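Colleague: Can you walk me through this model and tell me what stands behind each label you use?

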Amino acid sequence: MDVQLLQDSWWPMWRDAILGTIPLALISFALGLVLALGVALLRLSSRRLLSGIGRVYVSIIRGTPLLVQLFVIFYGLPTIGVTIDPWPSAVVAFSLNVGGYAAEVIRAAILSVPTGQWEAGYVVGMSHARTLRRIILPQAARVSVPPLSNTFISLVKDSSLASLILVTELFRKAQEIAASTTEFLLIYAEAAVIYWIICTVLSFGQDRIEKKLEQYV
Amino acid sequence: MSEPLMSARGIHKSFGDNHVLRGVDLDVRPGQVVALIGPSGSGKTTMLRSLNGLEMPDAGTLAFDGGPEIDFSRPVPAAQRFAARDRSAMVFQHHNLFPHKTVLQNVTEGPVQVRKVPRAEAEARATDLLARVGLAEKRDAYPRELSGGQQQRVGIVRALALQPDLLLFDEPTSALDPELVGEVLHVMKSLADEGWTMVVVTHELQFAREVADEVLFLDGGVVAERGAPAQLFTHPREERTKQFLHRILRPLD
């Protein structure tokens with residue numbers, strides 16, 4: 001094993017993980033969650049048109065590969081005059097993707113809150129929107145932490161796909177080093193270890209948040 | 001006899017093919033306690049929930065003194081629905097406390113968020129009310145840390161904190177362990193003694209007999225019999241009232 005190469009590549013890869021992979025995942029996840037809440041509310045709407053829009057959106061996102069979504073945005077849109085840089089392209093694609101998957105999680109979480117909680121909100125004088133915000137969503141948030149954490153961890157790993165649209169992140173750095181040194185096994189295994197460390201830390205964080213939220217219910 | 005505080009006329013409600021209410025009238029005068037009794041499925045809970053818009057009746061009218069008459073056979077404007085709902089407060093069978101909020105926050109949520117009462121004032125009033133039902137020291141506890149009877153007393157305080165004209169109780173003791181029923185009934189009796197206007201759906205016939213001013217016996221979606229408790233419980237006129245009372249009071253016969 002080439003220990004020197006391992007040492008030389010370790011920090012450059014971490015650097016692109018910290019400057020590329022992690023912020024890409026964080027920003028996309030945050031935007032995706034906002035979108036997901038909106039889509040979940042569309043799907044829960046009693047107006048058929050609105051719930052239909054939500055359902056079609058979720059269906060498209062979940063029924064097509066993330067890599068294809070990335071390529072449509074980065075390589076496809078320029079042919080109709082919409083050119084987006086690699087980084088924002090990746091953010092758009094990942095946010096839309098999270099928006100589809102997390103919408104289903106949030107919808108299920110909202111439905112899991114007993115009807116009596118809605119009624120109690122109405123009885124103390126709250127409107128539908130205020131009951132949703134102050135009574136239902138805080139309880140739904142607790143239920144959705146485990147599945148949403150899984151969505152986030154998946155996103156961290158899936159962000160490696162952004163290397164295919166030229167985004168500087170961990171896996172792209174690994175590809176560059178591997179190509180120039182031809183030490184494919186060593187470098188890709190090293191990249192795998194870094195992803196694994198990040199995801200393990202995230203799992204610990206997930207446990208702690210869940211324990212904290214358990215206090216209330 | 002004073003003017004009714006609330007007057008419901010000809011309330012009809014169906015769930016699909018199930019015609020649950022078939023024209024129920026209910027007047028409640030200020031300070032009066034009305035008990036709704038009857039077998040399960042008789043429509044008494046649906047009737048109660050029609051009074052604050054948790055159920056929207058298919059037909060009939062509802063009016064509070066000084067307010068407009070709501071006609072349920074036409075689409076009801078949201079403003080009218082909210083105005084009617086604000087006149088009353090409900091205590092649920094399964095308390096429906098907010099699990100993510102403390103006892104104090106449960107009680108102040110409505111006053112602070114909806115009625116815009118300053119927080120300090122709402123908390124002072126909530127603390128007083130909690131002390132009155134013997135729960136002063138539980139104000140910072142979460143609902144799950146309380147017994148069923150304590151939870152239901154908080155449910156009552158949450159309703160009182162809204163300062164409603166009318167208190168609605170939906171079988172407030174039927175989900176409780178038997179030994180916890182008394183503490184809740186005591187609180188309700190003291191409210192009646194203080195002059196609160198109450199409509200109570202209940203299976204506690206002794207409570208209805210001692211506390212109610214008027215008892216309505218519902219059966220099959222209609223008021224089969226109504227009267228003062230002394231009359232209705234001791235000399236029921238209707239055969240089905242007799243049978244119902246017999247089943248409840250002497251279940252082993």
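Modeller: Sure, and keep in mind that the model is predicted. The UniProt entry, which is unreviewed, annotates residues 18–206 of chain A as "domain: ABC transmembrane type-1". In the model that span is 83% helix and 0% strand, with its end C-alpha atoms 19 Å apart.

Colleague: And which residues of chain B does the annotation "domain: ABC transporter" cover?

Modeller: Residues 6–245 of chain B, again according to an unreviewed UniProt entry. That stretch is 37% helix and 25% strand, and its end C-alpha atoms lie 28 Å apart.

Colleague: On to the rings. How many aromatic pairs are there over all chains?

Modeller: Eight. Take Trp10(A) and Trp14(A), whose ring centres are 6.1 Å apart with 70° between the planes.

Colleague: Why is the pair of Trp10(A) and Trp14(A) called edge-to-face?

Modeller: Two rings pair if their centres lie within 6.5 Å, and planes over 60 degrees apart count as edge-to-face. With 6.1 Å and 70°, Trp10(A) and Trp14(A) meet both conditions, hence the label.

Colleague: What separates Trp10(A) and Trp14(A) along helix α1 of chain A?

Modeller: About one helical turn, because they sit four residues apart in α1, which runs over residues 3–44.

Colleague: Are Trp10(A) and Trp14(A) buried or exposed?

Modeller: Buried means under 20% relative accessible area, exposed means over 50%, and partly exposed is in between. Trp14(A) has 15%, so it counts as buried. Trp10(A) has 26%, so it is partly exposed.

Colleague: What makes the pair of Trp118(A) and Tyr122(A) tilted?

Modeller: Their planes are 45° apart, at 6.4 Å centre to centre. Stacked needs under 30 degrees and edge-to-face needs over 60, so 45° falls into the tilted class. Trp118(A) and Tyr122(A) are also four residues apart in a helix, here α5 (residues 115–123) of chain A, so about one helical turn separates them.

Colleague: How do you know that Trp118(A) and Tyr122(A) are buried?

Modeller: The cut-off is under 20%. Trp118(A) comes out at 15% and Tyr122(A) at 18%, so both pass. Elsewhere in chain A, ring pairs link Phe71(A), Phe74(A) and Tyr75(A) into a cluster.

Colleague: In chain B, what lies over the face of Phe98(B)?

Modeller: Arg158(B), at 4.6 Å from the ring centre. The limit on that distance is 6 Å, so Arg158(B) satisfies it.

Colleague: Which residues are closest to the centre of the largest pocket?

Modeller: Trp118(A) and Tyr122(A) turn up again, along with Leu44(A), Ile110(A) and His128(A). The pocket holds about 350 Å³ of space and has 16 lining residues. Helices α1, α4 (86–112), α5 and α6 (128–158) of chain A each supply at least two of them, and α5(A) gives the most, with four.

Colleague: What is the make-up of the lining of the largest pocket?

Modeller: It has 10 nonpolar, three polar and three charged residues. Trp and Tyr count as nonpolar here, so Trp118(A) and Tyr122(A) belong to that group.

Colleague: Which helix gives the most to the lining of the second largest pocket?

Modeller: α6(A), with seven residues, while α1, α6 and α8 (184–214) of chain A each supply at least two. About 270 Å³ of space lies in this pocket. Its lining has 13 residues, and those nearest the centre are Phe29(A), Val145(A), Leu148(A), Ser149(A) and Ile209(A). Nine of the lining residues are nonpolar, four are polar and none is charged.

Technical notes: Residues numbered from 1 in each chain as written. Chains lettered and ligands numbered in written order. Predicted model: local features only at pLDDT ≥ 70, side-chain atom pairs only at ≥ 80, totals over all residues. Heavy atoms only, no water. UniProt positions renumbered as here; feature names shortened; annotations may be inferred. Phe/Tyr/Trp six-rings, centres within 6.5 Å; stacked < 30°, edge-to-face > 60°. Buried < 20%, exposed > 50% of the residue type's maximum accessible area, 1.4 Å probe, protein only. Lys NZ or Arg CZ within 6 Å of the ring centre and 35° of its normal. 1 Å grid on protein atoms, 1.4 Å probe; cavity = no way out; pocket = protein on both sides within 12 Å on 5 of 7 lines; lining within 4 Å. Points joined across faces, edges and corners; volume = space filled by probe spheres on them.
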